[in-house]
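Reader: I would like a close look at a single part of this protein, the open sheet, with enough of the surroundings to place it. Please take it strand by strand and keep it plain.

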Amino acid sequence: ELIGQTYVAKPSPTLANEVVSTMLTGLLENNVNSTLLNIYSNWLDSLSYKASFQSYLSKYKMIDKADIFAVHISHPFRKLDDLWLAEIAKNIQDKNYISTILPKINQRNSDRTAKGLGINFWNEVKILLEFDEKNINQINSFEEAVTFYVNSFSKLDGAIRKLYSEFLSDKEIIAPLQSYYKNLSVLFLDKWFKYIDAYKSNQTGKIQEILNSNSGKTAIVVGDGVSWEFSKDIISNIHNKSYKLSSNYIFAGLPSETEHNMSQLYVATGEVLPTKKKRENYLVKTNEDKSIDFIDLENVNETTDAAHYLICSYKDPDKLGETYQQKALKYFDDVAKTFAAKIQQLLQNGYKNVYLVTDHGYTLTGILENSDKIEVNFFGTVDKSERFIRSENQQQIDADLLIGKEIKYKEFNYCY
């Protein structure tokens, strides 16, 4: 009766397959029997039996649907979620369509069953689609641009990073989402660079500043390429909520690259030291009255508690980007968990304060086209890097594409 058949004696495995098939078809057609729906929910809530569901699901042959949205909101078909998102991406510029589909996205995003099946990207889609670009127009100063980024736009950066990690190989989905995000980024960056003259680095000597302001046991975690939005992922992985959290942002020194910015953190004079060892030696020599030790963050464990001031270095996520390029995005969740676990370990080991600082942020590239590249024709002695260009002589530039600063480094006098 439960599956619409007259009683016939059957082997248990056969009957189980027929019951599950009826249940899955009901979810697909959005007419599932209430008893089967209850069985389905309890099944996926069970830690002991959840794995067996995947075996049945993998054998089920899902038919194509004319209306991909006419399914039960708790359906288990990841293929349908991808089809939903492809359709949304195709219509992302149609505000009427998006306003109509948002309630469905909100339902799916809130669905515990979907999350239990590892379908977790709808929150990021929701952030992207609900972002109100009109708020960018209210920015009238650099301070307001910073506040807007910290409170609002950084969430958009976090959302697109996670969507990249999920769909970067699926151009049908990610290309329209990236284009939509890029248009919002251009609007915000127009405001940011309109007031860029007010930008002033507060990075120089940051580690020394922390040492001077803390007499108790203190650990400083030095990350490489930890953006503001990524730091929020690290915080979300710190599960002991009894710890007191305070957060502030660093304006990185320019140009933004590891050797220069790591030196800014370690060296209060602003001198650029080319190696980690030289930067650490500088810190020890200028703090002879302090007990300072250094360790790689991966090596922190329950016995790491001897030094009064402990500086813990971690090369990710920047090293991941250099090694794996765009594929590195898939590992960011693990990196965030490592940061969080080690920070909690340091606190458990008796460090009263643990600081997380970084040299610079992390640039999201997504799908790059030739049109995204900026070509320049500088004269004289020039050193071109991925994010900046140094030159001995002052150059004529297009102010819509570049900003220039008088920054002396070796034989160079200007940086763009």
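Author: What follows goes through the sheet, then the residues around it and the rest of the chain.

The model is a predicted one. Its secondary structure comes to 15 helices and 7 strands. Four of these strands form the open sheet, in the order S2-S3-S1-S4, and the pairing is parallel. The edges are taken by strand S2 (292-296) and strand S4 (353-358); each has a single partner strand, so one side of each is left without a neighbour in the sheet. From one strand to the next, the twist averages 20 degrees.

Strand S1 covers residues 218-224 and pairs with S4 in the parallel sense over 6 bridges. Towards S3, S1 is joined by 6 bridges, and these two strands also run parallel. Val222 can be followed in both directions: its bridge partner in S4 is Val357, and in S3 it stands opposite Ser313. The next contact to look up on the S4 side is that of Gly223, which stands opposite Thr358.

S1 is mostly covered, with 7 of its 7 residues buried. Thr218, Ile220, Val222 and Asp224 point one way from the strand, while Ala219, Val221 and Gly223 point the other way. Both sets are buried, so a residue counted here has under 20% relative accessible area.

A helix also lies against the sheet. Helix H13 (residues 276-285) packs on it and touches S2 and strand S3 (309-317). The direction of H13 makes about 160 degrees with that of S2.

Next come the nonpolar cores. The largest has 92 residues, and Met23, Leu24, Phe53, Trp122, Phe153, Leu177 and Phe339 touch the most other members. Helix H8 (residues 142-167) gives the most to this core, with 12 residues. One of the well-connected members, Leu24, is in contact with Phe53, Leu57, Tyr60, Pro76 and Phe77, leaving aside its neighbours within four places in sequence. Apart from the largest core lies another, of 16 residues, among them Met262, Leu265, Ile292 and Tyr309. Ile292 falls within the range of S2, and Tyr309 within that of S3.

Away from the sheet, one loop residue is worth a look. His75 sits in the loop between helix H3 (50-59) and helix H4 (78-90). His75 is buried, with a relative accessible area of 0%. A polar atom of its side chain lies 3.0 Å from the backbone nitrogen of Phe77. Not counting residues up to four places away in sequence, His75 touches Leu27, Tyr40, Leu80, Asp81, Trp84, Arg108 and Leu117. Phe77 itself is among the contacts of Leu24.

Some overall values complete the picture. Of the 416 residues of the protein, 44% count as buried. The C-alpha trace spans about 85 × 55 × 35 Å along its principal axes. Among contacts between residues at least 6 apart in sequence, 66% join residues at least 24 apart. The accessible surface comes to about 22800 Å², and 49% of that belongs to carbon and sulfur atoms.

Conventions
Residues numbered from 1 in each chain as written. Predicted model: local features only at pLDDT ≥ 70, side-chain atom pairs only at ≥ 80, totals over all residues. Heavy atoms only, no water. Pairing = 2+ DSSP bridges. Helix = DSSP H or I, 4+ residues; strand = E, 2+ residues; numbered from the N terminus. Axes fitted to C-alpha atoms, helices over the stretch in contact; angles between N-to-C directions. Contact = heavy atoms within 4.5 Å. Buried < 20%, exposed > 50% of the residue type's maximum accessible area, 1.4 Å probe, protein only. Polar contact = N/O pair within 3.5 Å; in protein donor to acceptor, adjacent residues only side chain to side chain. Core = buried A, V, L, I, M, F, W, Y, C linked by side-chain atoms within 4.5 Å. Areas by Shrake-Rupley, 256 points an atom, 1.4 Å probe, with all protein chains shown as cover.
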